Amino acid sequence: MSDERPEKPLPELRASDADRDRVAERLRDAVAEGRLDMEEFEERLEAAYTSRTYAELEPLTRDLPAPAGAPVDHRPAAVAEPWRGRIGGAGTSASSSAVAVMSGFQRKGRWTVPARFDAVAFWGGGQLDLREADFAQREVVINCVAIMGGIEITVPPGVELDVRGFGFMGAFDQRDNPGPFEQGAPRVVVTGFAFWGGVEIKVKQRKRPPGGLSLRKEL
């Protein structure tokens, strides 16, 4: 059977909370199976929750079999299709924020989402379309502040979406489910605050995939 691991492991990419939790769960299984004693388990568990990159996570389960019997590989598949070339690298713009005060803003088409993007709408509105965007890293955070205004975020199916915002006489509304996230897809964390306003997250197919690639097969 051929080795289908990515050509480049990208160990420098930051690990997410979900990545650390998956490693911790595998370590708990290993204790139950008698593969690790409690001392080894506690040492590895502490290392897992203090790890910052995939390079630090990978050795913790390297000598443990996965449930199906294959080695656990926590290296990101950021170079796998259809996300090849869209994660990492220099951004197309130095801007890491957008502000609308009694006005509006829009980001769409081929742009680069930085590791953290701040969006503010005060008596105004904004649109962030990520369907054709590149991503500075595998996990990006979009922090939204909507005060008597609205912000709309559109993501393609297959991304890992984590909405954590808070609304007071306002709302953070995730309209759609992005479905199972695809291997190598970015993780988009939406945080922030809405007061007499709203932040709406939509999931839509891309209209013109760059290079003729499709994020999902059409049904």
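Leaving aside its neighbours within four places in sequence, which residues is Arg187 in contact with? The points below take up this question and then turn to other sites of the structure, which is a predicted model.

1. Contacts of Arg187. When neighbours within four places in sequence are set aside, Arg187 is in contact with Ser16, Arg138, Glu139, Val140, Glu160, Asp162 and Arg164. Arg187 itself is found in strand E12.

2. Polar partners of Arg187. Two acidic residues on that list also make polar contacts with Arg187 through their side chains. The side chain of Asp162 meets the side chain of Arg187 at 3.0 Å, and the side chain of Glu160 does so at 3.3 Å.

3. Burial of Arg187. The relative accessible area of Arg187 is 7%. Because the limit for a buried residue is under 20%, Arg187 counts as buried.

4. Surroundings of Asp19. Asp19 belongs to helix H1, which spans residues 17-32. With a relative accessible area of 5%, Asp19 is buried. Apart from neighbours within four places in sequence, Asp19 is in contact with Tyr54, Leu57 and Arg138. Arg138 is also among the residues in contact with Arg187.

5. Aromatic pairs. The structure holds five aromatic pairs. One of them joins Trp111 and Phe117 in an edge-to-face arrangement, with 5.7 Å from centre to centre and 70 degrees between the planes. Both Trp111 and Phe117 are buried. Another pair, formed by Phe168 and Phe195, is stacked, with 5.8 Å from centre to centre and 5 degrees between the planes.

6. Position of the stacked pair. Phe168 lies in strand E10 (residues 166-168) and Phe195 in strand E12 (residues 187-195), so this pair ties together parts that are 27 residues apart in sequence. Strand E12 is also where Arg187 is found.

7. Exposure of the stacked pair. Are Phe168 and Phe195 buried or exposed? Each falls in between: Phe168 is partly exposed, with a relative accessible area of 44%, and Phe195 is partly exposed, with a relative accessible area of 26%. Both values can be read against the limits, because partly exposed lies between buried, under 20%, and exposed, over 50%.

8. Aromatic cluster. Phe168 and Phe195 are joined by Trp196, and these three residues form one aromatic cluster.

Methods
Residues are numbered from 1 along each chain as its sequence is written. This is a predicted model: local features need pLDDT of at least 70, side-chain atom pairs count only at pLDDT 80 or more; totals for chains, interfaces and linings use all residues. Side-chain values use heavy atoms; hydrogens and water are left out. Rings of Phe, Tyr and Trp (its six-membered ring) pair if their centres lie within 6.5 Å; planes under 30 degrees apart count as stacked, over 60 as edge-to-face and the rest as tilted. Buried means under 20% relative accessible area, exposed over 50%, partly exposed in between (1.4 Å probe, protein chains only). Helices (H or I, at least four residues) and strands (E, at least two) are DSSP runs, numbered from the N terminus. Contact means heavy atoms within 4.5 Å. A polar contact is a pair of N or O atoms within 3.5 Å; within protein, one must be able to donate a hydrogen and the other to accept it, and residues adjacent in sequence count only if both atoms are side-chain atoms.
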